[in-house]
Each structure stands twice: as C-alpha cells, then as structure tokens.
Amino acid sequence: MSISSLPVATLGTPRIGPRRELKMALESFWSGKSSEQALRETAVGLRAANWARQKSLGVSVIPSNDFSFYDQVLDTSVMVGAIPEVYGWKGGDVSLATYFAMARGAQGSDHDASCGHSHHAHGASHGVPAQEMTKWFDTNYHYMVPEFSAGQIFKVSSSKAVDEYREAKALGYKTRPVLLGPVTFLRLGKSKDAALNPLSLLPVLLPVYVKLLQQLVAEGCEWVQIDEPCLVLDADRETQGALQMTYALLAEMVPGLKIMLASYFGSLGDNADTALSLPVAGLHIDLVRAPEQLDKIVSAAPKVMTLSLGAIDGRNIWRSNLSALLKRLEPAVAKLGQDRVQIAPSCSLLHVPIDLGQETSLDPDVKSWLAFSVQKIAELATLGTALAGGRDKVADALATSDAAARSRETSSKIHNADVAKRMAAIDDAMRRRQNVFTKRAGLQRARFGLPAFPTTTIGSFPQTTEVRNARAAHGKGAMSDAQYEQFLKEETARAVRWQEEIGLDVLVHGEFERNDMVQYFGEQLSGFTFTKHGWVQSYGSRYVRPPILFGDVSRPKPMTVEWWRYAQSLTQKPMKAMLTGPVTILNWSFVRDDVPRSEACRQIALAIRDEVTDLEKAGAKMIQIDEAALREGLPLRKSEWKTYLDWAVESFRICSTGVTDETQIHTHMCYSEVNDIIDAIGAMDADVISIETSRSKMELLDAFKTYKYPNEIGPGVYDIHSPRVPEVREMAELLALARKRLTDSQLWINPDCGLKTRKWEEVRPALVNMVAAAREMRHAS
C-alpha cells in the first residue's frame, strides 16, 4: 500500500520575515533604539512563524537552526569558538556584541564597553574591523570568512543549534537541525599564517561537532542535516580524505543519530563515489543545477541510504513544470522505493522571496509563471503526493502547472524580433576599442590633467532617511514629479559641492535618484519586471529585490543622460557617468531559464552600449560600467570557467567599446578573488578598474603584480561595509602595500565600494581622511 505522500523537506527557509521584520529589529538594535531582549523576541516570533508556515504547507521534515541574526557561517565560527584574538573574547558564550563586531566591525567605545576589555588589549582605541566577507559559492548571498591561526583552539561556544531545536520541540515541531559541515567550514576559512592549511585543523575541530551532536541526541533529535557544499567543487584527495575522516568519526561517536548529508549548487561529479561511501543515513543532491546525476546516484546509492531529491529550484523564482518533473522522478522513486526518498528544493530557500501572494501589481501572465518560497513548498507537497501514487489528489495543481508552462512557452511578451536582429548583427568591431590601452592612456592623461594618485568614489552616496522618504512619497503620489525632481537636484548639488570642498579629483553625482544599481536600470529596460515584496538577503540586514528578467531586453530611451548632464553642469571637475554592466545586471537578477544566460547577457550589453554612446555624445568623458558581480557568476567547476568568462568579457566589451580613445572607461568589481579571473579582467580592457581590497589588506593585488596588469587600478582603501571610520594612517598603510604591487602611475585612490548603505556621519570623515592619505602619498613621492 502506498503512503499518502513522500516526506517533504525544505533544507532551510528565508529568515528575514514576510515584511522584513528581522531587518527592522536589527537596525533598531544597532542604533540603540531597542534592547537585545526585543531583538531576541523578534527572532523567536520569526522562527515560530516559519515552522508553522512550513507545517501548514505540508512539510514533514522541518529544519531548525537555519535562522541567523547575520550569517550561518558566522554562526558556525561562533559555535566552534573560532573568534580571532582582536575581538577580545575570553571564553564562554559569545555575546551578541562580539558577534556583531565580527560581522560589522565596531568603534572603540562601543566594542570595548560591550566586550569588557580595555583599549590597551587591542593596542589601539579606534575599535576593530569586521571579518572579511565574500560570496557564498556562486550565489548573491555573502558570508563572513572564518579566520584561523596557528595553535587554533576550538570549543563549543554557542548552544544555538540545541536551543532552537528545543524551542521548536516546545512548540510541537520535531525538527531536523541544520549545521554547516566541518569540512566545508574549514575550506571556506582563511589562515592568518600562510603555512597553516585550514583542513589540518580538522582533528581539533571534530570534537566540537561530536559534542554538539551528542547534545542534540540527548534532546531527542533523530536526524540532523549537515551541509557540505564543498562536495560540488572540483575533487581533491585532501578534501575527500577529510570527509571520510569526519563522517567515520561522527558515525562512531554519535551512533544514534541519522545524518542527511546535503550537497547543492551543482553536481557531485567526481566526488560522487566519496559521498556515496560515507557512513551517513541520507544524501541530498541538486537536480536543478545537475539533473544528469540522478540516474547514477540512484543506481549507486547503498540500499540503506535515503536520497533527498532536490527537484524544485531553490535559487530562482520560476514555477516548476510539475508534470515534466514527475516524468523524470517517477522511475527513480520506483527503483529506490518510497521509503528511501525525500522531496526537497535544490538548496535552502534562503535565496528566494517568501510569498508571491503578497504581489498584487504584477502582470497576471508573468505572475502565473512564478513561485516564491511558499509556492515552492506547495509544489514540493504536490510532488510528494503525486509520487506516492496520489496524482488524482493533486490533479488541479498539476493542471494549473501545465497551463502556466504552456502560457510561458508561447507568450508574445517574451520574444522580440528586433532584439533577435541586433543579436545577429554583433561583429568583431563591436568587441574591441579602437586602440590599445597604452595609446588611450596618453590621450586620457592629457585630457584630464589629474594629479598623481587621483581620488574618487565608486558612485553612490548615502541614501538617507530623507531620500528614502521622498522616494516613497513620490511613489505614493504624495510628492509630485516636479517636487521630487527638485528634491533630487538639491541633494545632488549638495553632494557635488561637498566633494569639491574636500578636494576629490573625480566626482560622482551620488545616485540619489536610484533605488538600486540593478533595479534602476531594469525598470527602464524592456524584458524586466519587479516585485513589491520580493526581498532576499544579501548580507546581514542588507536585503535586495532582484529584478525578474522574463523576456528579450532592449532600451526604449536614454536612462541616465539627463542626470549626468545636470551633475556635470555643477562643476568643472570630471563627473563620472555611472552605469551597471550587463554581467552584473544578469547575475543580480532572477534570470529567465528558457534561453542560455550568455544570450540574455548579450542582449543587456547591447542596451547598455546604447546608453554609453549617448552619454559620450552628451559630453561624458569618464563612464564607469560596474561589473561588481562578474566573479560571482564563475562556475564552481574550473572546467566550465572559460566558457563563462568568454561570454562575460565579450558582453562587457560589447557595451564599452563604442566610444573614442579619449573617453575613459572605468569598471568596479566587488568581492572579486581576482587571482581566479585575472586574465579575464585584463581582457575586459577597461581603462581603470576599482576593486575591494581593504579587508584582505591588499592581498588581492598580488594577482595584478604577477600578471603585470597594464591598465590603471583603484584598490579600495577602506571597508564601506563597516560603520567604523578608518584613520589616515590606516589608509596610508594600505596604500603603501599597494605601491609594493603596482606602479604609482597605475594607482587611483577610492573606497572599497559604493557608499549608499552608510551614513553621512561615517562617510564625511572617512573620505576626508582618504583625501588626506592621498595628499601624504603625493608629498612623499
């Protein structure tokens, strides 16, 4: 007799709250407006609502410990006591003050008071920096990079996983706790000592995991989900050996616990044999990114192993074709037997918005093609029932899915014949500048006459409460178009005057009219649509609403020309025109899955090319085309890198090469581990590139020294993701490190990234210090 439904698991869910409740609570706490108790009470409410929501939608394997105040990797660092010495932790439970100092940095008085140690303990009174932050595999989510040192000691320093399991149990939910696996945790980390291999710390880390898992068993926990996404990276014997050591020890030391080993973001590939050989009760596989692995894993899985089939896309917002999925999954379920299968999303639903039901203004056709977290869970429940032999019970849901699939495939809203013609007309002349950089550089230096070590910023200035309120008022009709435009002009004029006053060499207009660096452009391009409540977490309390790219892309009219023209009219200094590049627009959007990503990117590139040429015609002499997300789109398997980088670089060149040699093209990259893509960066052939280097203490520039990068570079000299204000000396020290790796003629001086998320009281002294550091450099050279 068949069961009523296969078990449905979610792996993890969004923690931000349907109305961004976590963001509001965090920012209220950080600003001192609310207490730690109030923050914790908000978290309790969000967790309870998440568990209840999943239960009501039919989830039978509900996760716990997938909630975080900031980041699950930071939570793991705290859990195992991987707290760098600079944060002054003396043992015991890690306080929220220390936790947030690791996440955001801290000014001296705040950090010293909260952590209970003197200025002398740090050797300085200006606080502590945040830990390094980078992208979580190839997603748009950021994690805090664990730091390790020689003689590293690990100890259980947080009972969060046990506490939240107990909390759920008290509410009547028997959950499956989620832990980041020890091997992936070490692989994601960074050693302060060059000779220290993080994986060598595994023997001293594993006892902490054993102790925590034993505590969970003592609470009645039967299953735990341990995430080891390192399984989808290129295989290496050391990692495979570490996995074997880890799970053999856990099986021995915690014999009463069943482990669901979770891989995601790709295929197990050459790690499949290792994964299948581990003494774990279950294995989760990603069948969205790697559908081809299903047959092999099903055939090779041990008879006692449960397989979690990641069939619903946990990273994109398209509705699934449930009939097609059933056709693919039914043979696998028949072969395994219903008692050995769980149905799940490809990965945690952290990466998608919460509920499509909140969207009341989307085009009805487009809305019918979408599914957010709540809808994806409902899809999982439908699959679970149908695969257990209950197709008749979910016939209506399957019919609705079929209709949506047919509608999307044939809709005239998706395909544009004019775009197809432009794509076919792309030729080699559109892929290169008129002359090589050395010739362009001489013309540009003569044109601009800038001093040595020219100073600039990345583009945006603080989006203050006043700016956000004005935007909201305009959106609601409470402020007229004319009033809003006047407000924005006044903000822009103030920003331009202030930049001139402090002595910046190349100015920006501040981007006060822009809601988001991708959304602003997507709203003006055909083929995109936008949500009102489709928030996803980028890092901490930084949430974004990614555009939805559903159809062919074109640019109906100029997007930025008038705002650039106004800003340039206010100053004699060069005013950079600011654009977002095609690869970043693509990688920071929910992208259509019915055409190759490369095709969608080239379409966007043609639209941005039109804007670049219009800006130059209007008089723009410097045009910055940000490719903040180029590195994060890099496939996880090195064998796929070249294909991606070829079309990504081509797309950048298509949009940037339609100008004369005298026009200077800038670009900016975030979180780019440039060693991986240095050849591609060179091939982009931007005249000036700015990159984030302050948190890595300029280590990212080593790639440019080895590669002998010929063009100009602005290495970030202060971390804008932290509220602390760096001193002149600190920036000067970073610049000295940069000069060891680059020639003086190559160097520009700028912050790490845009300043949109910071406050003016942080930005003003930081940029004044940055200009002072540049002047010191000029006098010393």
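## A walk from the largest cavity to an open sheet

The largest share of the lining of the largest cavity, four residues, comes from α3. That is where our tour of this predicted model begins. Helix α3 covers residues 72-79, and it is joined in the lining by α7 (160-170) and β5 (176-180), each of these three elements supplying at least two residues.

Let us look at the cavity itself. Its volume is about 330 Å³, and the structure holds seven cavities of 30 Å³ or more. Altogether 25 residues line this largest one, and those nearest its centre are Asn65, Asp66, Gln72, Val178 and Asp227. What classes of residue make up the lining of the largest cavity? There are twelve nonpolar residues, along with eight polar and five charged ones.

Now follow β5, one of the elements that contribute to the lining. This strand is mostly covered, with five of its five residues buried. If you trace the side chains, Arg176, Val178 and Leu180 point one way, while Pro177 and Leu179 point the other way. Val178 is already familiar, as it is among the residues nearest the centre of the largest cavity.

Which strands are joined to β5 by bridges? One is β1 (residues 63-64), which runs parallel to β5 and is linked to it by two bridges. Here Pro63 has Arg176 as its bridge partner. Another is β7 (residues 223-227), also parallel to β5, and this time three bridges make the link. In that pairing, Leu180 of β5 stands opposite Asp227 in β7. Asp227 brings us back to the cavity, since it too is listed among the residues nearest the centre.

Next, please move further along the chain, to another part of the model. Here you will find an open sheet of five strands, paired in parallel and arranged in the order β16-β18-β19-β20-β21. The edges are formed by β16 (577-580) and β21 (712-715); each has a single partner strand, so one side of each is left without a neighbour in the sheet. From one strand to the next, the twist averages 20 degrees.

Let us stay at the β16 edge for a moment. The partner there is β18 (residues 622-626), a parallel strand joined to β16 by four bridges. Within this pair, Thr580 stands opposite Asp626. Packing on the sheet is helix α24 (residues 597-618), which touches both β16 and β18. The direction of α24 makes about 175 degrees with that of β16.

Terms used:
Residues numbered from 1 in each chain as written. Predicted model: local features only at pLDDT ≥ 70, side-chain atom pairs only at ≥ 80, totals over all residues. Heavy atoms only, no water. 1 Å grid on protein atoms, 1.4 Å probe; cavity = no way out; pocket = protein on both sides within 12 Å on 5 of 7 lines; lining within 4 Å. Points joined across faces, edges and corners; volume = space filled by probe spheres on them. Nonpolar A, V, L, I, M, F, W, Y, C, P; charged D, E, K, R; others polar. Pairing = 2+ DSSP bridges. Axes fitted to C-alpha atoms, helices over the stretch in contact; angles between N-to-C directions. Contact = heavy atoms within 4.5 Å. Buried < 20%, exposed > 50% of the residue type's maximum accessible area, 1.4 Å probe, protein only.
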